[in-house]
Amino acid sequence: MMIELTNIEDTRKPVIDQILEELERKRKEAASSGNEELANNCWRESEALKVNILYIEAFENIKSKKYRDAWNDLERCEIDAASIEKNSDSDFYARSRCYFIEKQVSKWQSLYPYCVFASPGFKVGYYTCSICNHKVRPRSRCSHVKGKIYNGELCVHVAHDMEFLELSIVTKPVQKYSVMHDDETLDFSLINYLSDFLDNAFENWEAHWTRKSFPFERFSQVTPDSDCPCKSGKKFEECCINEKEISIPHVDFQFFKEISDDKAKVRFPY
C-alpha cells in the first residue's frame, strides 16, 4: 500500500495505525508458524514506519520551538535506525528513508548548543537474553547476538540486580537525552533560522561550518567584560577588542531549492 507520509497531519491519519496493527498481526502469525523470514520482514517494515513518524514528530517539535522534545525524538530515531540498519540490506535501508533520516539526525544534533550531560553508572548483577532467557556469562553465551532480530523480535540483553554507583558529568554521553542545561539560558537561533527555510522533514540541506570576518564596528553591543565573539574562551578586552576585524564562527546552510534574496541574507548575531 502506498501512503503519503511527509508532515505531521499524515502521521495522524487512521490508515497509519491500521498498517502498524496489520504488520504486528502478520508478525505474530509468522512467528507462531515458524516463518522467520516473514516475521523479520514485518518487524523491519513496522520499525521503519515508526522511525519515519518519529522523525516527522521531531521536525514538528523543532518548528514549534520544543527543542528538548525534538532532541529526545532525534536520539530515539538514531537508536532505532541503527537497529534497522543492522538487520536490513542497503536497498531497504535507503528505500525506507532510514538512511536519509540517519544522516539528517546527525546534522540536526550538530546544531544544538547542548554540551554537558549526566552519565549514570550502575553495577549489574547479570544479564539475560531477551530471546531465550539464557543467563549471559563470559564463557556461557547463547547463540543469539544482541541487536539482531530472530523470528521478528529484536535481541537485547536484559540487566538484573542493578545497583546505582555514580553520576558523572560528561561531554560525550552514551545517552544523549540526559542534558544538564536549562534551555531558557541557551541560544537555539541556528536551529530556528534553519527551520524557517524548511517546509517538511524530508527536505534535504547541508551545513558547512566555517568562519566569517566582520568590521570591529559591528560589535558595538559587546562589552569589554563579555566573552569574545571569536569564541576563544577569553574576555573581549583580553582578546579581539583592538582588532580592525573580528573572525567569528559561521554556518553556511545549503538548500536544494530556490531561496528568495531577502531570506538568504547573512544574519549577524551581535
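Q: Where is L167 placed in this predicted model?
A: L167 is in strand β7, which covers residues 163–170.

Q: Why is L167 called exposed?
A: Its relative accessible area is 53%. Exposed means over 50%. The value passes that cut-off, so L167 counts as exposed.

Q: What makes the nonpolar surface patch that includes L167?
A: F122, M162, F164 and L167 make the patch. Its area is about 430 Å². A residue needs over 30% relative accessible area to join a patch. L167, at 53%, therefore meets that condition.

Q: How many aromatic pairs does the structure hold?
A: The structure holds 23 aromatic pairs.

Q: Why is the pair of Y112 and Y114 called tilted?
A: The ring centres are 5.2 Å apart, and pairing needs centres within 6.5 Å, so the two rings pair. The planes stand at 40 degrees. Stacked needs under 30 degrees and edge-to-face needs over 60, so this pair is tilted. Y112 and Y114 are both buried.

Q: What makes Y114 and F188 an edge-to-face pair?
A: Their centres lie 6.0 Å apart, and the angle between the planes is 80 degrees. Edge-to-face means over 60 degrees, so the name fits.

Q: Which parts does the pair of Y114 and F188 tie together?
A: Y114 lies in the loop between α6 (98–111) and β1 (117–123). F188 lies in the loop between β7 and α7 (189–195). The pair therefore ties together parts that are 74 residues apart in sequence. Y114 and F188 are both buried.

Q: Which residues form one aromatic cluster?
A: The cluster is formed by F59, W108, Y193, F197, W205, F253 and F255.

Q: How do you know that the charged end of R97 sits over the ring of F202?
A: The charged end is 3.6 Å from the ring centre. The distance limit is 6 Å, so this value passes. R218 sits over the ring of F268 in a similar way, at 4.3 Å from its centre.

Q: What is notable about phi of N133?
A: Phi is positive, about 65 degrees, although N133 is not a glycine. N133 lies in the loop between β2 (126–129) and β3 (135–136).

Q: Is N133 buried or exposed?
A: N133 has a relative accessible area of 58%, and the cut-off is over 50%, so N133 is exposed.

Q: Why is N151 called partly exposed?
A: Its relative accessibility is 26%. Buried means under 20% and exposed means over 50%, so N151 falls in between. N151 is in the loop between β4 (149–150) and β5 (153–154). Its phi is also positive, near 55 degrees.

Technical notes
Residues numbered from 1 in each chain as written. Predicted model: local features only at pLDDT ≥ 70, side-chain atom pairs only at ≥ 80, totals over all residues. Heavy atoms only, no water. Patch = residues over 30% accessible without salt bridge, like charges linked within 9 Å, V, L, I, M, F, W, Y side chains within 5 Å. Areas by Shrake-Rupley, 256 points an atom, 1.4 Å probe, with all protein chains shown as cover. Salt bridge = Lys/Arg side-chain N within 4 Å of Asp/Glu carboxyl O. Helix = DSSP H or I, 4+ residues; strand = E, 2+ residues; numbered from the N terminus. Buried < 20%, exposed > 50% of the residue type's maximum accessible area, 1.4 Å probe, protein only. Lys NZ or Arg CZ within 6 Å of the ring centre and 35° of its normal.
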